[in-house]
Amino acid sequence: MKSAQSFAGFCFCDLQTCEQRHLDYEFFVIHTANTGMISMNALPLAFKYEDENSSAVGQMMLPLESPVVIPKETVEIVDKVICDMNAVLVQIVPGLTISVKELGTQLLENGKTGSRIQFMSLKNRKEIPLKYESEGIKKIISILQLLIVIYNQSSITVAVDELDAGVFEYLLGEILRIISTKGKGQLIFTSHNLRPLETLDRGFLAFTTTNPVKRYIRMTNLKDHNNLRDFYFRDIVLGEQSEELKYKAK
C-alpha cells in the first residue's frame, strides 16, 4: 500500500491509505490561495478519482510555466483525471479540451525514470500550452473534477472561497444552475459576483453582514415577484434588514 507522496510540486494520496489514517475525503476546501497560484501559472488540481482498478484523492500542484518531470505512475493518474474532466469541459466551454503532452523521459532524484510533460489545451483544432488560457478557464479546470464528483455523489461536500474569482459571469451562472438542479452532493461557496442571486433558489443563499457576532443572515420581507439582485442593492441603500449588509464595491 502506498503512503502519501510529494514530488516536483505534486501531492497525492492513495484513497485507501487515506481512509486507513481516518482522514475524511468526503469534504474538500478550496482556499483563495489556489487563485493566487493560478495567477502565478500553477494549476492546483483538486480531485477524487475512482475506477474499477484504482482510486486516488488529493490535490496536485501542476506547474504550467514550463515542462515538468513527474513519476510515470503519476502521469497515469493525471491522464485519468483529465479524461474524466474533458467529457464535461467540452460542454461548458464549447470545443475546449486539455491534455498532457509527454516530451520524453528523465531521471528523478530517487534514480527512477520520470516523464517530462507539459499541459496543453486544444480548441478549434489548435493546440497551445495551457498556461496561455485565461485565469477563469484555469480556475474552472482546477476544481472541475470535484464539481463532477458533486454532481454524481451525494456524500461529497466541496467548499470554495471566492468561486467567482476570474470566472466569466454567464459561465458561473450555468455551472451553479446545473449543480443546484441536478447535483447530488453539496457545494458551499462565497462570491462577490451577484450572478448567483439570479441563478440559485433563494433558500440556498445567505448574506454577509458587518456584525462580527452575527455574520450571516437570510433576506426577510422578500416577495416572490422581487428581483433578488435589485432587492439586495435596495437594502444596501435603505438598510431594511435586521443587520447591516456587508458590501464590497467593484
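This passage follows strand β8 and its pairing partners, then turns to the nonpolar core. The structure is a predicted model.

A good place to begin is strand β8, which spans residues 113-123. On one side of the story is strand β6, made up of residues 68-71, which runs antiparallel to β8 and is joined to it by four bridges. Within this pairing, Val 68 has Ile 117 of β8 as its bridge partner.

Strand β7, covering residues 97-107, also runs antiparallel to β8, and here nine bridges link the two strands. Readers tracing this pair can look for Val 100, whose bridge partner in β8 is Phe 119. The hairpin formed by β7 and β8 has five residues between its strands, and in it Gly 111 adopts a positive phi near 90°.

Strand β9, residues 126-129, is a further antiparallel partner of β8, with four bridges between them. In this pairing, Ser 121 lies opposite Ile 128 of β9. The hairpin of β8 and β9 has two residues between the strands, and Asn 124 takes a positive phi near 50° there.

Attention now moves to the nonpolar core. The largest such core contains 61 residues, and Met 85, Phe 119, Val 158 and Leu 187 have the most contacts inside it. Helix α4, which runs over residues 135-152, contributes the most to this core, supplying ten residues. Phe 119 thus links the two parts of this description: it is the bridge partner of Val 100, and it is also among the residues with the most contacts inside the largest nonpolar core.

Conventions: Residues numbered from 1 in each chain as written. Predicted model: local features only at pLDDT ≥ 70, side-chain atom pairs only at ≥ 80, totals over all residues. Heavy atoms only, no water. Pairing = 2+ DSSP bridges. Core = buried A, V, L, I, M, F, W, Y, C linked by side-chain atoms within 4.5 Å. Buried < 20%, exposed > 50% of the residue type's maximum accessible area, 1.4 Å probe, protein only.
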